[in-house]
Amino acid sequence: MENSISETKQAVARKAYEYLATKLHKDCILGIGTGSTTNFFIQELINKKPEIKAIVSSSIASTQLLEEAGLEVSELNDVGSPDFYIDGADEINDRFEMIKGGGGALTREKIIASASRKFICICDSSKKVKVLGKFPVAIEVVPMARSYVARQMVVKGGAPEYRVGFVSDNGNQIIDVRNLKLNVPYDFENEINNIPGVVANGIFAARKADCLVIDKNGVPEVLEQ
Ligand code: 5RP
């Protein structure tokens with residue numbers, strides 16, 4: 001019988017933990033992402049409670065899960081560079097560039113991913129694409145800039161939509177932009193960042209993943225870049 005998406009996410013998260021477990025030591029700092037796949041990884045951490053130095057988290061939701069289970073979460077400012085960052089993706093291509101931010105945690109995710117030595121992306125194979133862009137690109141904006149940024153995205157050929165009622169952990173708003181041609185994601189990521197009012201966008205090309213844990217023919221495997 002075929003695995004459900006949820007079972008696959010759990011299998012991938014377990015494989016990622018298994019892979020990481022051999023590399024963890026008492027001075028390790030771990031960065032933890034956000035989303036349903038990452039939640040399965042958090043569960044592994046909670047079950048295994050490895051002896052490490054610190055955990056930093058990319059969202060209030062992940063922090064809550066960790067703290068409720070008795071795991072301490074540190075501020076990124078108070079610890080050094082994380083050794084590993086573990087997080088999911090909404091899309092990932094062959095170069096391990098990604099679209100993230102479906103859950104709206106993109107800014108903190110990008111900060112911790114960029115600060116980390118190794119980014120391990122964990123996702124099920126439905127996220128694998130040849131060209132990024134079918135999944136809308138989330139853009140976190142300072143609230144007063146929302147309409148301006150949206151108009152700029154229309155000029156770039158995008159179809160922006162305001163994520164109504166959503167407020168990011170940083171107190172900002174999100175617009176989701178469809179129809180973008182992301183043949184060179186790195187360039188587009190920078191272009192969006194140059195629009196005043198943009199806090200961060202969901203293209204992860206400047207800081208892509210170094211390692212991908214993903215299912216192939218029903219079996220999770222670790223791919224290094
Ligand atoms: C949240 C993210 C998530 O990593 C992304 O949305 C994937 O989520 P899931 O593991 O639930 O499929 O970027 O901002």
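Tutor: Before we start: two strands pair if DSSP finds at least two bridges between them. Keep in mind too that this is a predicted model.

Student: Okay, so over how many bridges do strand 1 and strand 3 pair?
Tutor: Find strand 1 at residues 29-32 and strand 3 at residues 84-87, which pair in the parallel sense. To count as a pair, two strands need at least two bridges between them. Strand 1 and strand 3 meet that cut-off, since their number of bridges is three.

Student: Which residue in strand 3 is the bridge partner of G31?
Tutor: G31 falls in strand 1, which covers residues 29-32. Look across to strand 3 for its bridge partner, and you land on Y85.

Student: Which strands are the edge strands of the open sheet of six strands?
Tutor: Read the order of that sheet, 2-1-3-6-12-13, where the pairing is mixed. An edge strand pairs on one side only, so check both ends of the order. There you find strand 2 (54-57) and strand 13 (219-224).

Student: And by how many degrees are neighbouring strands of this sheet turned against each other on average?
Tutor: Here you ignore the direction of the strands and take the average over neighbours in the six-stranded sheet. That turn comes to 20°.

Student: At what angle does helix 2 run to strand 1?
Tutor: Helix 2 lies across strand 1, strand 2, strand 3 and strand 6 (118-122). Helix 4 (residues 106-115) packs on the sheet as well, touching those four strands, and its direction makes about 145° with that of strand 3. For helix 2 against strand 1, the angle is about 145°.

Student: Are helix 1 and helix 2 oblique or roughly parallel to each other?
Tutor: Two packed helices are described by the angle between their axes and the distance between the axes. Helix 1 (residues 5-21) packs against helix 2 at an angle of about 50°, and their axes are 8 Å apart. Roughly parallel would need an angle under 35 degrees, so these two helices are oblique.

Student: How many charged residues are in the contact of helix 1 with helix 2?
Tutor: Helix 1 brings residues including K9 and R14, while helix 2 brings residues including E44 and K48. By class, there are seven nonpolar and four polar residues in this contact. The charged ones number four.

Student: Are helix 2 and helix 3 roughly parallel or oblique to each other?
Tutor: Take helix 2 (residues 36-48) and helix 3 (residues 60-68): their axes come within 10 Å and cross at roughly 25°. That crossing is right-handed. Since angles under 35 degrees count as roughly parallel, helix 2 and helix 3 are roughly parallel.

Student: Which strands stand at the edges of the open sheet of four strands?
Tutor: This sheet has the order 8-9-7-10 and antiparallel pairing. Each edge strand has a single partner, so one of its sides is left without a neighbour in the sheet. Those are strand 8 (159-162) and strand 10 (198-201).

Student: Which residue in strand 10 does E140 stand opposite?
Tutor: Strand 7 covers residues 137-141, and three bridges join it to strand 10 in the antiparallel sense. Opposite E140 in strand 10 stands A200.

Student: Which helix lies across strand 7 and strand 10?
Tutor: Helix 5 (residues 146-155) packs on this sheet too, but it touches strand 7, strand 8, strand 9 (173-178) and strand 10. The helix you want covers residues 185-193 and runs at about 165° to strand 10. That is helix 6.

Student: Last one: how far apart do the C-alpha centres of domain 1 and domain 2 lie?
Tutor: Domain 1 takes in 2-128 + 206-224, and domain 2 takes in 137-201. In the contact, 16 residues of domain 1 meet 17 residues of domain 2. The distance from one C-alpha centre to the other is 24 Å.

Notes
Residues are numbered from 1 along each chain as its sequence is written. This is a predicted model: local features need pLDDT of at least 70, side-chain atom pairs count only at pLDDT 80 or more; totals for chains, interfaces and linings use all residues. Side-chain values use heavy atoms; hydrogens and water are left out. Axes are lines fitted to C-alpha atoms, for helices over the stretch in contact, and angles run from 0 to 180 degrees between N-to-C directions. Angles under 35 degrees count as roughly parallel, over 145 as roughly antiparallel, 65 to 115 as roughly perpendicular and the rest as oblique. A crossing is left-handed if the near helix is turned anticlockwise from the far one by less than a right angle, and right-handed if clockwise. Contact means heavy atoms within 4.5 Å. Domain bounds come from an automatic or database domain assignment. Ala, Val, Leu, Ile, Met, Phe, Trp, Tyr, Cys and Pro count as nonpolar, Asp, Glu, Lys and Arg as charged, and the others, Gly among them, as polar.
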